[in-house]
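Let's take a walk through this model together, one contact at a time. Keep the 3D view open and turn it as you read.

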Amino acid sequence: MAPSSTLVNKLKVQLKLLRMVQAKDAALAKVQRRAMAQLLEQGKDESAKIRVENIIRSDMNTELLEIIELYCELLTARAGLLEQKECDPGLEEAVKSIIYAAPKIEGVKELSMVRQLLAEKYGKEFTLEAVENRDDKVAKRVADRLKVEPPSKELVEAYLSTIAEAYGIDWPPGTKARRKAEAEAAEEDDDDDDEPSNGQKLKALEGPLSNEELSRATPPRDLGPGSPVSVVPPSPSTDNVRPRIHLPGPPDLKPSKKMVDATKAKEVNGDKKEAGPGGKIPDVDELTKRFAQLKR
């Protein structure tokens, strides 16, 4: 049984190699797409449809490398579980996917070393289950990308259309004009959304309401609970607005009968109006004038 420390070290080395292969494949894919665009521009559609299958296969291989890289990172992150004799359920999918895919991945021969260490650690029966995928523990996305079958016609045309659009080539013929018309139609729709509606336009053309129209305006019927203080709104024709405030209570402020009788009694008895701590006591006429001023 391979020691877990050796396996983890091999996995770390393998991660670096996988990233290098992915960078190399990405650079090669750019060259292949540029060549494919030239074929489409020259009208060699049949040749382009055959050669684009190599690009599709290369992209699928790159995606597969990314998945295997994630599984290797998972094993290094859970290195403590590799100490167990039996494969932990949390690692089973990653381990079996690597064992299943390692011999079939192009351009990464070193991955077979990791596969061999995993096979030595978990035994022959475990390895056969992974190779034949008896219990369906191998990830479906790994198995799908390793199928040996030609790509569908729809996938081929989708690849060619995407490459043509990326390099500004009119393929199929008339596609550029159609895309341009769609873009213009989308811009017109956006402009229409920005413009105000007919109702808003008519409202904007209307002038401000006149004073007469304002005076005929119907006030709202329900304003909630009434307030004890009411303010009379200004008249539209008044330049200097001074609203009148009506306070709750009796409208007329006059001296009570008791005050008048008391004042008369003091005058009859000969009491001085100046008596009292507050100084001179005003007569009835003066009190009436003061109340009249308060009313104003």
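How many salt bridges does a search of the whole structure find? The count comes to 12. Bear in mind as you look that this is a predicted model.

A good one to start with joins Glu73 and Arg19, whose closest N and O atoms sit 2.7 Å apart. This pair links distant parts of the chain, with Glu73 in helix H2 (residues 45-77) and Arg19 in helix H1 (residues 4-41), 54 residues apart. Are the two partners hidden away? Neither makes it under the 20% cut-off for buried or over the 50% cut-off for exposed: Glu73 has 29% relative accessibility, so it counts as partly exposed, and Arg19, at 40%, is partly exposed as well.

While you're on helix H1, look for Gln22, which is found there too. Its relative accessible area is just 15%, and because buried means under 20%, Gln22 counts as buried. What does Gln22 touch, once residues up to four places away in sequence are set aside? The answer is Leu65, Glu66 and Glu69.

Now move along to helix H3 (residues 89-101), starting with its packing against helix H4 (residues 111-122). Their axes are 9 Å apart and the packing angle is about 125°. An angle like that falls outside the 65 to 115 degree range for roughly perpendicular and isn't over 145, so H3 and H4 are oblique to each other. The crossing of these two helices is left-handed. On the H3 side, the contact is made by Val95, Ile98 and Ile99, while H4 brings in Val114, Arg115, Leu118 and Tyr122. Sort the residues of this H3 and H4 contact by class and you get six nonpolar, no polar and one charged.

H3 also meets helix H5 (residues 124-132), with the axes coming within 8 Å and crossing at roughly 75°. That angle lies between 65 and 115 degrees, which means H3 and H5 are roughly perpendicular to each other. From H3, the residues involved are Glu92, Val95, Lys96, Ile99 and Tyr100; from H5, they are Phe126, Thr127, Glu129, Ala130 and Val131. The class split for this contact of H3 with H5 is six nonpolar, one polar and three charged.

Some names from that contact come back when you return to the salt bridges. Which residues are linked in a network of salt bridges? They are Glu92, Lys96, Glu129 and Asp135. Of these, Glu92 and Lys96 take part in the contact from H3, and Glu129 does so from H5.

Two further salt bridges are worth a look before you finish. In one, the side chains of Arg134 and Glu132 meet, N to O, at 2.7 Å. Arg134 has a relative accessible area of 44%, so it is partly exposed. In the other, Lys140 pairs with Asp144, and here the closest N and O atoms are 2.9 Å apart. Where do Lys140 and Asp144 lie? Both are in helix H6 (residues 140-145), four residues apart, about one turn of the helix. Lys140 is exposed, with a relative accessible area of 61%, whereas Asp144 is partly exposed at 26%.

Notes
Residues are numbered from 1 along each chain as its sequence is written. This is a predicted model: local features need pLDDT of at least 70, side-chain atom pairs count only at pLDDT 80 or more; totals for chains, interfaces and linings use all residues. Side-chain values use heavy atoms; hydrogens and water are left out. Axes are lines fitted to C-alpha atoms, for helices over the stretch in contact, and angles run from 0 to 180 degrees between N-to-C directions. Angles under 35 degrees count as roughly parallel, over 145 as roughly antiparallel, 65 to 115 as roughly perpendicular and the rest as oblique. A crossing is left-handed if the near helix is turned anticlockwise from the far one by less than a right angle, and right-handed if clockwise. Contact means heavy atoms within 4.5 Å. Ala, Val, Leu, Ile, Met, Phe, Trp, Tyr, Cys and Pro count as nonpolar, Asp, Glu, Lys and Arg as charged, and the others, Gly among them, as polar. A salt bridge is a side-chain nitrogen of Lys or Arg within 4 Å of a carboxyl oxygen of Asp or Glu. Buried means under 20% relative accessible area, exposed over 50%, partly exposed in between (1.4 Å probe, protein chains only).
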